Amino acid sequence: MLDGTASGSHGTQLLETEFGGHFVSFQGARTRYFDAYFAKAVAAGVRQVVILAAGLDSRAYRLPWPGGTVVYELDQPKVLEFKRDVLAEHGDSPRADRREVAVDLRDDWPLALVDSGFDPSIPTAWIAEGLLIYLPAIAQEQLFAGIDALSSSGSWVAVEEGRPMPDQVFAAKQKEERDAGQSGTFFTLIYNEQIAPAEEWFGAHGWHATATPLSGYLADVGRPIPPDDPDAGPMAAANSLVSAVKGAGSS
Ligand SMILES: C[S@@+](CC[C@H](N)C(=O)[O-])C[C@H]1O[C@@H](n2cnc3c(N)ncnc32)[C@H](O)[C@@H]1O
């Protein structure tokens with residue numbers, strides 16, 4: 001997508017999305033960031049992966065996992081079922097031992113994960129992509145604490161996060177959506193909260209964490225977003241891609 005090879009009808013469709021071309025660049029860039037993250041975790045010997053709020057994440061089917069890798073996918077049952085069925089209809093099958101964990105992340109997901117065979121005694125690579133904005137701060141805290149509690153030394157974590165916007169700006173965005181009869185489209189679906197920047201939270205819990213500002217990463221991959229773009233500019237400026245390794249000197 002970032003290199004322009006997603007052309008033809010699919011590419012055109014993507015570029016014409018109502019979210020606009022910058023959103024496509026953002027999706028492509030974060031996909032590249034997290035793919036590279038998993039490649040590093042796997043190279044370090046990690047063979048247990050947890051995709052939190054997996055949604056339509058197809059990494060279990062797409063990435064070249066070494067033999068013996070187990071990929072746990074957590075999300076709502078209908079989402080997991082939809083993806084499995086659609087990919088099966090297309091003849092795709094997972095390239096790892098893919099295990100679905102149908103659970104609400106505001107409930108006791110660590111228990112559900114362990115009940116599905118997750119082994120907390122071996123290193124894990126976790127990902128929370130496109131998730132934190134859907135959780136209130138208290139649930140973010142529970143999520144981070146759950147990850148930390150289930151992670152042995154040598155585990156990895158990667159998250160995408162955004163600094164909350166000023167309350168008045170968020171309220172105005174929600175009103176705009178409601179007035180347009182589009183409740184539940186985006187701003188009325190998300191929380192404008194953050195328990196703490198992930199680099200700080202994990203750094204304070206024995207992880208070595210590095211935050212990469214999204215705007216810089218987009219520029220690095222050749223898709224800079226003009227800071228004065230009214231919608232995408234503030235989004236890019238507020239978002240970061242963060243990865244961390246537990247008990248390590250570098251990530
Ligand atoms: C924007 S999608 C991101 C999916 C995927 N991680 C990605 O980046 O493509 C958000 C996902 O979070 C899931 N989700 C949101 N809140 C959740 C919750 N409380 N429990 C479980 N899943 C949740 C939704 O079902 C959806 O699949």
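**Sheet architecture and core of the predicted model**

Helix α2, spanning residues 21-43, lies across three strands, namely β4 (124-128), β5 (156-162) and β7, and its direction makes an angle of about 165° with that of β5. This arrangement belongs to a predicted model, and the description below proceeds from the sheet to its central strands, the core and the ligand.

The sheet is open and contains seven strands, arranged in the order β3-β2-β1-β4-β5-β7-β6, with mixed pairing. Strands β3 (97-102) and β6 (207-213) occupy the edges; each has a single partner strand, so one side of each is left without a neighbour in the sheet. From one strand to the next, the twist averages 15°. Strands of a sheet pair through backbone hydrogen bonds, and the pairing may be parallel or antiparallel. Both senses occur in this model. Strands β6 and β7 (residues 239-246) run antiparallel and are joined by seven bridges. Within this pair, W207 has K246 of β7 as its bridge partner.

Parallel pairing is found around strand β1. Strand β1 (residues 48-52) pairs with β2 (residues 70-75) in the parallel sense over five bridges, and I51 stands opposite E73 of β2. Strand β1 also pairs with β4 in the parallel sense, again over five bridges. Two positions illustrate the register of β1 and β4: Q48 has T124 as its bridge partner in β4, and V49 stands opposite A125. Strand β4 in turn pairs with β5 in the parallel sense over four bridges. Residue A125 stands opposite W156 in β5.

The burial of β1 and β4 was examined next. Strand β1 is mostly covered, with five of its five residues buried. In a regular strand, side chains alternate between the two faces of the sheet. In β1, Q48, V50 and L52 lie on one side and V49 and I51 on the other, and all of these residues are buried, so that both faces of the strand are covered. Strand β4 is largely enclosed by the rest of the structure, because five of its five residues are buried. T124, W126 and A128 point one way from β4, whereas A125 and I127 point the other way, and all are buried.

Residue V50, located in strand β1, provides an example of this burial. V50 has 25 C-beta neighbours inside 10 Å and therefore counts as buried, since 20 or more such neighbours are required for that class. Leaving aside residues up to four places away in sequence, V50 touches Y72, L74, L113, T124 and W126. The C-alpha atoms of V50 and K246 are 15 Å apart in space, while the two residues are 196 residues apart in sequence. A contrasting case is D179, which is placed in helix α7 (residues 167-179). D179 is exposed because 9 other C-beta atoms lie within 10 Å, and a residue with 12 or fewer is assigned to that class. Between D179 and N239, the separation is 60 residues in sequence and 27 Å in space, taken from C-alpha to C-alpha.

In soluble globular proteins, nonpolar side chains tend to be buried together. The largest nonpolar core of this model has 54 residues, of which I51, L52, Y72, L74, W126 and A128 touch the most other members. Helix α2 supplies the largest share of this core, with seven residues. For I51, the contacts beyond four places in sequence are D57, R59, V71, Y72, E73, L74 and I127.

The surroundings of the ligand consist of 15 residues, and the closest are A53, G55, L105, E129 and G130. Classified by side chain, this shell has seven nonpolar, three polar and five charged residues. Among the closest residues, A53 is found in the loop between β1 and α3 (59-62). A53 counts as buried because 20 C-beta neighbours lie inside 10 Å. Most residues other than glycine have a negative phi. A53, although not a glycine, has a positive phi of about 50°.

Terms used: Residues are numbered from 1 along each chain as its sequence is written. This is a predicted model: local features need pLDDT of at least 70, side-chain atom pairs count only at pLDDT 80 or more; totals for chains, interfaces and linings use all residues. Two strands pair if DSSP finds at least two bridges between them. Axes are lines fitted to C-alpha atoms, for helices over the stretch in contact, and angles run from 0 to 180 degrees between N-to-C directions. Two residues are in contact if their C-beta atoms, placed from the backbone, lie within 7 Å. A residue is near a molecule or strand if its C-beta atom, placed from the backbone, lies within 6 Å of it. Ala, Val, Leu, Ile, Met, Phe, Trp, Tyr, Cys and Pro count as nonpolar, Asp, Glu, Lys and Arg as charged, and the others, Gly among them, as polar. A nonpolar core is a set of buried Ala, Val, Leu, Ile, Met, Phe, Trp, Tyr and Cys residues joined through C-beta atoms within 7 Å.
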